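Let's take a walk through this one together. Get the structure up on your screen and keep the sequence handy.

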Amino acid sequence: MEIKITRADHLKKKPADESELGFGDISTDHMFLMDYEPGEGWRNPRIEPYGPLSIDPAAMVLHYGQEVFEGLKAYRGRDGSLYLFRVRDNFLRLNRSAARLCMPEVDVDSAMEALKKLILLDRDWVPRSRGTSLYIRPNMIATEPHLGVRPAKAYLFYIIIGPVGAYYKEGLNPVKIYVEDRYVRAAVGGLGEVKTLANYAASLLAAEEAKKKGFTQVLWLDAAERRFIEEVGTMNMFFVIDDEIITAPLKGSILPGITRDSVIHMVKDWGLKMSERFLDVDDMIGAAQNGRLKEAFGTGTAAVISPVGQITYKGKNYVVNHGTMGELSQKLYNEIVAIQYAEKPDPYGWREKIA
Ligand SMILES: Cc1ncc(COP(=O)(O)O)c(C=O)c1O
């Protein structure tokens with residue numbers, strides 16, 4: 001794939017204080033784009049100065065929501081080199097999301113090549129302190145101007161990148177979550193298992209209401225019965241009850257998280273009892289009441305492992321592990337981060353050095 005590169009005339013000022021990076025506000029100097037045209041497939045791959053897109057007001061993404069995206073990171077290792085973590089899995093998931101939304105797939109190798117070129121061009125933006133990284137947001141949108149409801153014929157795929165710090169202001173301090181028993185995020189058969197804007201739009205009101213009450217995130221229950229635990233806003237959830245580590249099975253309504261998959265791999269590798277099974281919220285609360293719920297934590301690219309210190313359900317608060325980070329959560333965090341930042345050998349083949 002021949003990528004045409006147009007460099008920015010003026011480079012932006014890079015953030016001076018890496019401890020103040022936050023999440024999702026800063027973009028680098030360049031972005032990658034390519035267009036999909038009927039009969040031609042993906043064409044015109046290019047890297048351009050970061051800037052606004054120009055799209056028709058009738059572009060179908062703005063009306064019927066044909067959009068899919070990904071979220072992943074590049075890390076600056078202890079040795080100063082740049083690394084990606086399970087990037088192929090992100091592009092494979094993007095393609096599964098695209099197929100569900102009747103959108104064209106991208107060639108995974110070409111997308112990875114484009115991403116690496118973009119990162120290398122803006123490599124000075126990758127922050128240096130541990131816990132910071134370069135966040136990568138691939139996005140695909142329907143650009144065909146048309147107001148009848150059907151899949152679009154033309155699309156834009158683009159990748160933007162930017163330096164980030166912690167996703168939650170709590171960092172590794174345990175978060176408080178609110179078990180949502182009124183609103184629903186996604187039903188089996190719908191879009192819950194793919195990464196598309198509708199799922200996030202559906203989650204906003206519940207998340208805002210929970211935030212006003214002092215919670216970091218909501219924990220979603222299944223749409224049919226509001227009984228089985230699904231996932232949290234942008235994380236999959238794990239519970240340690242007695243010696244069993246439990247996470248919700250991939251049955252269509254939750255996102256198959258790549259961090260979730262890494263955690264499952266690691267704990268099985270360590271010989272621990274790992275179950276992908278439905279967990280009734282009443283059973284989880286019962287375990288919290290009688291001291292059998294040892295740990296609860298979320299997993300996701302943004303926070304890696306986010307310990308849960310308090311769960312609130314039907315007006316009652318349940319403290320988990322005395323409100324502190326559990327042993328397993330801490331071990332998982334340490335091991336995954338050590339692989340990502342190339343502080344340890346990677347026995348799983350997840351890390352890729354790009355420069
Ligand atoms: C709804 C949802 N669940 C789970 C996750 C965690 O997925 P991953 O580990 O691939 O980042 C995310 C973040 O991408 C998400 O948005």
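What follows goes from two helix pairs to the ligand and its surroundings. Keep in mind as you look that this is a predicted model.

A quick word on how to read a helix pair: two packed helices are described by the angle between their axes and the distance between the axes. Start with helix 2, which covers residues 87-100, and helix 3, which covers residues 108-121. Their axes come within 10 Å and cross at roughly 125 degrees. Angles of 65 to 115 degrees would count as roughly perpendicular and those over 145 as roughly antiparallel, so helix 2 ends up oblique to helix 3. As for handedness, helix 2 passes helix 3 in a right-handed crossing.

Now zoom in on where they touch. Helix 2 brings Val87, Arg88, Phe91, Leu92 and Asn95, and these meet Val108, Asp109, Ala111, Met112 and Leu115 of helix 3. Sorted by class, that contact has seven nonpolar residues, one polar and two charged.

Next, swing over to helix 5 (residues 258-269) and helix 7 (residues 327-340). Here the axes sit 11 Å apart and the packing angle is about 110 degrees, so this pair is roughly perpendicular. On the helix 5 side you'll find Thr259, Val263, Met266 and Val267, which meet Leu328, Leu332, Glu335, Ile336 and Ile339 on helix 7. The tally by class for helix 5 with helix 7 is seven nonpolar, one polar and one charged.

While you're at helix 5, look for aspartate 269, which also belongs to this helix. What does its side chain contact? The side chain of aspartate 269 makes a polar contact of 2.8 Å with the side chain of tyrosine 348. Glycine 190 is 79 residues from aspartate 269 along the chain, and their C-alpha atoms are separated by 33 Å.

Finally, the ligand. Which residues come nearest to it? Of the 16 residues around the ligand, those are Lys195, Tyr200, Glu231, Thr259 and Thr301. Thr259 should ring a bell, as it is one of the helix 5 residues that meet helix 7.

Some polar pairs are worth a click. Lysine 195 has a side-chain N or O atom 2.7 Å from an oxygen atom of the ligand, and arginine 93 places a polar side-chain atom 2.8 Å from a ligand oxygen. With glutamate 231, the partner is a nitrogen atom of the ligand, 2.6 Å from an N or O atom in the side chain.

Terms used
Residues numbered from 1 in each chain as written. Predicted model: local features only at pLDDT ≥ 70, side-chain atom pairs only at ≥ 80, totals over all residues. Heavy atoms only, no water. Axes fitted to C-alpha atoms, helices over the stretch in contact; angles between N-to-C directions. Helix = DSSP H or I, 4+ residues; strand = E, 2+ residues; numbered from the N terminus. Parallel < 35°, antiparallel > 145°, perpendicular 65-115°, else oblique. Left-handed = near helix turned anticlockwise from the far one by under 90°. Contact = heavy atoms within 4.5 Å. Nonpolar A, V, L, I, M, F, W, Y, C, P; charged D, E, K, R; others polar. Near = heavy atom within 4 Å. Polar contact = N/O pair within 3.5 Å; in protein donor to acceptor, adjacent residues only side chain to side chain.
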